[in-house]
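Visitor: I'm new to this structure and would like a close look at one part of it. Could you pick a single spot on the inside and walk me outward from there?

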Amino acid sequence: MPLRRKLTVLALLAVIGVMTTLVSYSVTLYRLFCEVTGANGTTQRVASDDATVSARKVTVFFDTNVAPGMPWRFIPLQRKIVTHLGEQTPVFFEAQNISDRPIVGHATFNVTPSKAGIYFKKIECFCFTEERLDPHQTVQMPVVFFVDPKIATDPDARDVDQITLSYTFFPSARPKGAEDLSRFTTGPANPELGGRLFAQNCSACHELDRAKVGPPLASVIGRTAGTVPGYPYSPALARSGIVWTPATLEKWLAGPQADVPGALMPMAIANPVERRDIIAYLQSLPRTSSAAAPEAKPPG
Ligand code: HEC
């Protein structure tokens, strides 16, 4: 039906127009979203202005220790990460109480070389508070940091291109009123952190509103897998019949090839907390585009 096709094309063009506008305002929208939802850490967010992210990169290494007599296992979930100066970067650590009683710990941190210390800014960290872990409990804890771009103009420190962040957990001297570390694992999802994790783990291949290496993801919640018009899906995903919900996304992100044998997404997110927050971020995206996409598709 040619008339119908023409209408479809017009509808698609309209959608693309709206998308382009959305993309050009996405930074503003994202900030507005953070303001409206009052997402975590807003007050401490020192440099949320993207204009301050510099092209210069720095490699940050992570190191963890426990004090003698502290019955915790404590490891970084990444050994190092390369980030831009000014870029708010999420990383994860894992702690496990290997004793039979609840333990309250307090983390101290140390940055080397020490001249980089004043430029190392943490926005979210378990090191701000006394933290309790129940017997044999394991938690994954986020730290969000950035390296202040001012380091590049400090004659003493501007040569620094490698920084080590080192944490040590001690038995707490003031265990009263400690926070429960399990809040990071079982507490509410954090879509703001999810947005940063998306930028870090997904944006190399996925944009929100247009196809890149992978299909666009702005309206993925509620969509049937493999149905963005024009995107060259693997036959496996295209005929999977999966509808993307938080539960199906959880399974997919944990292991796309195990979930859909023959699927072509070459990565997985091993940490369940990261998966939860990335999915919360996808859920938090404006729904206008998701309403438009299925209607604009030709029938059949
Ligand atoms: C290295 C590239 C790459 C990365 C990184 C990547 N993806 Fe993908 N993704 C793909 C490709 C390619 C496909 C299409 C797979 C197919 O056709 O089998 C895909 C498909 C998907 C789909 C199915 C979409 C649809 O329309 O059915 C979802 C959902 C998805 N990715 C989410 C994510 C999320 C969330 C992340 C980050 C945690 C991520 N991807 C990271 C390449 C990537």
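**A close look at Leu249 and its surroundings**

Guide: Let's start at Leu249, which counts as buried because it has 20 C-beta neighbours inside 10 Å. Keep in mind as we go that this is a predicted model. Leu249 sits in helix α6. Leaving out residues up to four places away in sequence, Leu249 touches Trp244 and Ile279. There is also Ile278 to look for: Leu249 and Ile278 are 29 residues apart along the chain, and their C-alpha atoms are separated by 9.7 Å.

Now take in the helix itself. The buried residues of α6 are Leu249, Trp252 and Leu253. If you look down the axis of α6, these buried residues fall within an arc of 90°, so they line one face of the helix. Here's a handy bit of background: an α-helix has 3.6 residues a turn, so residues three or four places apart point the same way. And what lies over that buried face? The cover over the buried residues of α6 includes α7 (256-259) and α8.

Helix α6 has a part to play at the ligand as well. The ligand is surrounded by 28 residues, and the closest of them are Cys202, Cys205, Gly214, Ser234 and Met265. Both α5 (235-238) and α6 supply at least two residues each to the shell around the ligand. The top contributor to that shell is α6, with 3 residues.

Trwo residues share a neighbour here, so let's hop to the other one. Trp244, which touches Leu249, is also touched by Val220. You'll find Val220 in the loop between α4 and α5. Val220 is buried, because 21 other C-beta atoms lie within 10 Å. Besides Trp244, Val220 touches Leu282, again not counting residues up to four places away in sequence. Arg287 is another residue to pick out: Val220 and Arg287 are 67 residues apart in sequence, yet 9.7 Å apart in space, C-alpha to C-alpha.

Ile278 and Leu282 take us to the largest nonpolar core. That core has 45 residues, and those with the most contacts inside it are Met141, Leu181, Ile278 and Leu282. Among the elements giving two or more residues to this core are α4 (191-201), α6 (246-254), α8 (272-284), β1 (57-66) and β8 (138-147). The most comes from β8, which gives 7 residues. The core draws at least three residues from each of two domains, domain 1 (2-35 + 194-296) and domain 2 (46-187). As a general point, nonpolar side chains tend to be buried together in soluble globular proteins.

Leu181 is a good place to stop inside that core. Setting aside its neighbours within four places in sequence, Leu181 is in contact with Ala95, Phe126, Glu131, Arg132, Leu133, Val139 and Met141. Apart from this core lies another one, of 5 residues, including Ala225, Leu237, Ala263 and Met265. You've already met Met265, as one of the closest residues to the ligand.

Two of the residues that Leu181 contacts, Arg132 and Leu133, lead into a sheet. In that open sheet, 6 strands run in the order β3-β1-β9-β5-β7-β10, with mixed pairing. At the edges stand β3 (80-84) and β10 (179-180), each with a single partner strand, so one side of each is left without a neighbour in the sheet.

Let's walk across it, starting from β3. Strands β1 and β3 run antiparallel and are joined by 5 bridges, with Lys57 standing opposite His84 in β3. Next, β1 and β9 pair in the parallel sense over 8 bridges, and the bridge partner of Phe61 in β9 is Thr164. Then β5 and β9 pair in the antiparallel sense, over 8 bridges, with Asn110 standing opposite Ser166 in β9. After that, 3 bridges join β5 to β7 (residues 131-133), and these two strands run antiparallel. Here we get back to the neighbours of Leu181: Arg132 in β7 stands opposite Val104, while Leu133 in β7 is the bridge partner of Ile103.

Finally, step back for the whole view. The protein has 9 helices and 10 strands. Buried residues, such as Leu249, make up 26% of its 300 residues. Of the contacts with a separation of 6 or more, 73% are between residues 24 or more positions apart.

Conventions:
Residues numbered from 1 in each chain as written. Predicted model: local features only at pLDDT ≥ 70, side-chain atom pairs only at ≥ 80, totals over all residues. Core = buried A, V, L, I, M, F, W, Y, C linked by C-beta atoms within 7 Å. Buried ≥ 20, exposed ≤ 12 C-beta atoms within 10 Å, placed from the backbone. Helix = DSSP H or I, 4+ residues; strand = E, 2+ residues; numbered from the N terminus. Domains from an automatic or database assignment. Contact = placed C-beta atoms within 7 Å. Pairing = 2+ DSSP bridges. Arc of directions from axis to C-beta. Near = placed C-beta within 6 Å.
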